Structures are given as structure tokens and as C-alpha cells.
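Me: I would like to go through this model step by step, beginning with its strands and then turning to the ligand. Please reason briefly before each answer.

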Amino acid sequence: MSALVIANWKMNGALSAVEVFAETWGSVVIPNDVQIVICPPYVYLSAVREAMPREVQLGAQDCAGHKAGAFTGEVAADMLVESGCAWVIVGHSERRQYHAETDELVAQKAQLAQEAGLCAVVCVGEQLGQREAGEHQQVVAAQLAGSLDGVDLKNLVVAYEPVWAIGTGHSASPQQAEDMHRWIKDCLMKHYGADAQQIPVIYGGSVKPETAAELFACETIDGALVGGASLEATSFAEIAQAGASGRN
Ligand code: PEP
């Protein structure tokens, strides 16, 4: 399985920043055996599509939980496909926290994304208090059960993103990530059966160029979801390069 490295730009950037990113990207060498996806804000999708080389795939950070209709401000999965997206992140902890998204809604979004032909990147992860209380496995198992209800195992990626590691500079240790990825893969096997082996499980939470290699070296880590360090082309490229060599 080639490593999957996804950039989540969140609500950052500007048209000028897309140009700078693409220009710098043009001078880096990314091995073929790593899959790169960039998820900019919706309004920059077309700019990223035009500025970046074809092998860099396009994704969105969210989609609507409805197919179409009177849902002001929402963007449907079908519209993302029309905009050139092949991927969409759903259930990011910031959506769960600031927009009160439930597992049920996340499952609905993932289903609609798959029906539209997108690959759904379903995020799960425990909060600090839950980890300190030793509840992380149970919390993540419950999120998986709810967020994957009715979701196909094809065109599915699971992102393990401990909330305490996102944007804090404190990545999970390779051992912590490895243990949780193993647990998630076991949960997926229970949910989908043996075919669940094909579902990539990627890690997100303060991945940096300096920490990427040791994370990618873990057998159960199939890639990374990168926030802050993906805003700058050089650091994102270094993470992608680590993704390629880590799988060898
Ligand atoms: C994220 O938001 O998905 C993320 C992993 O952010 P960061 O890399 O900044 O922790």
C-alpha cells in the first residue's frame, strides 16, 4: 500500500498563498509511491487544481449531510466532484467540536461522499481527558461504530487524530499511534470482516518533517493527515518524502 499524505489547510491561505505553494512545489521531488492530496478551503479548490500538477489530488475538508436543497452555506458531495475533488474529510474533530457534528451525521456525510464517487476520510480520536482516564480505545471504537454505520469499505480511509495532538505541537508517540492504529484495524475487521485490511488508517496530529519518518516507519500507519505543516510546500514535501521512504 503506498503511503497516503493528506494536507488539511483548514481556514488558512489566500489565492496568493496558493501560487507561492505551487511555485515551491514545482522545485521539490516527490517519489511516485506516495499519494498526495490537498484539501484547501472550498473557495481555493479551483486555484489549487489549476496551479498544482495532476498527480496531486484534490480534496475538500467537509461536505453536506444532504444531497441538495435549501441548506444555506453547505456544499454537496456531487458539487465537490464537479470541482475536481476525489477526496473529502468528514468528522474532523473541529467539526465535531465547533459544529456539534454527531457520529450519525458523519456517517451520513461519508455515505453521500461515497455515492458521489469521493473517497471519504473519516476522522476519529479521543480528547485528552478521555486518554488520561484510559478510555481512548472505547471512545474511538464507539466513534467508529457510529461514524461508519452504512458506510462502504471501498473508498474509505480512517484518520486517527487524537484531539490533544491536533495543532498542539505534541504528536502522539509512534508507540501510542501504533497501538491505536492496531486497535482501529481490529475494530474495522469486526465491522467489515477480513476485507477491512484494505482500508488505510492514517495518523493526524502535529505531524512535522522531524517526526514524520518515525511515524511512517510504524507498520500500522498507512499515511498522515497534516494540518499546520502542510501550509508550507517545503515542509509538506518533506513529510511526503518521509512517507515514501517509510514504506520501503
Ligand atoms: C488536522 O487538523 O487534521 C491536523 C492534524 O492538524 P495539525 O497537523 O496542525 O495538528
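Me: How many bridges join strand 6 to strand 7?
Reply: This is a predicted model, and in it strand 6 covers residues 156–160 while strand 7 covers residues 201–204. Within this pair, Ala 159 stands opposite Ile 202 in strand 7. The two strands run parallel, and the number of bridges joining them is 3.

Me: In what order do the strands of the closed barrel run?
Reply: Strands of a sheet can pair either parallel or antiparallel, in both cases through backbone hydrogen bonds. Here the pairing is parallel, and the closed barrel is made of 8 strands in the order 1-2-3-4-5-6-7-8. From one strand to the next, the twist averages 25 degrees, and the order asked for is 1-2-3-4-5-6-7-8.

Me: Which residue has a side-chain N or O atom 2.8 Å from an oxygen atom of the ligand?
Reply: Polar backbone atoms also approach ligand oxygen atoms, with Ser 206 at 2.7 Å and Gly 228 at 2.8 Å. Those two distances involve the backbone, whereas the contact at 2.8 Å from a side chain belongs to His 92.

Me: What share of the ligand's accessible area does the protein cover?
Reply: On its own, the ligand has 290 Å² of accessible area. It is surrounded by 14 residues, the closest including Lys 10, Glu 161 and Gly 167. The share covered by the protein is 97%.

Me: How many residues of the shell around the ligand are polar?
Reply: Sorted by class, the shell has 4 nonpolar and 2 charged residues. The remaining class, polar, has 8.

Technical notes: Residues numbered from 1 in each chain as written. Predicted model: local features only at pLDDT ≥ 70, side-chain atom pairs only at ≥ 80, totals over all residues. Heavy atoms only, no water. Near = heavy atom within 4 Å. Polar contact = N/O pair within 3.5 Å; in protein donor to acceptor, adjacent residues only side chain to side chain. Areas by Shrake-Rupley, 256 points an atom, 1.4 Å probe, with all protein chains shown as cover. Nonpolar A, V, L, I, M, F, W, Y, C, P; charged D, E, K, R; others polar. Pairing = 2+ DSSP bridges. Helix = DSSP H or I, 4+ residues; strand = E, 2+ residues; numbered from the N terminus. Axes fitted to C-alpha atoms, helices over the stretch in contact; angles between N-to-C directions.
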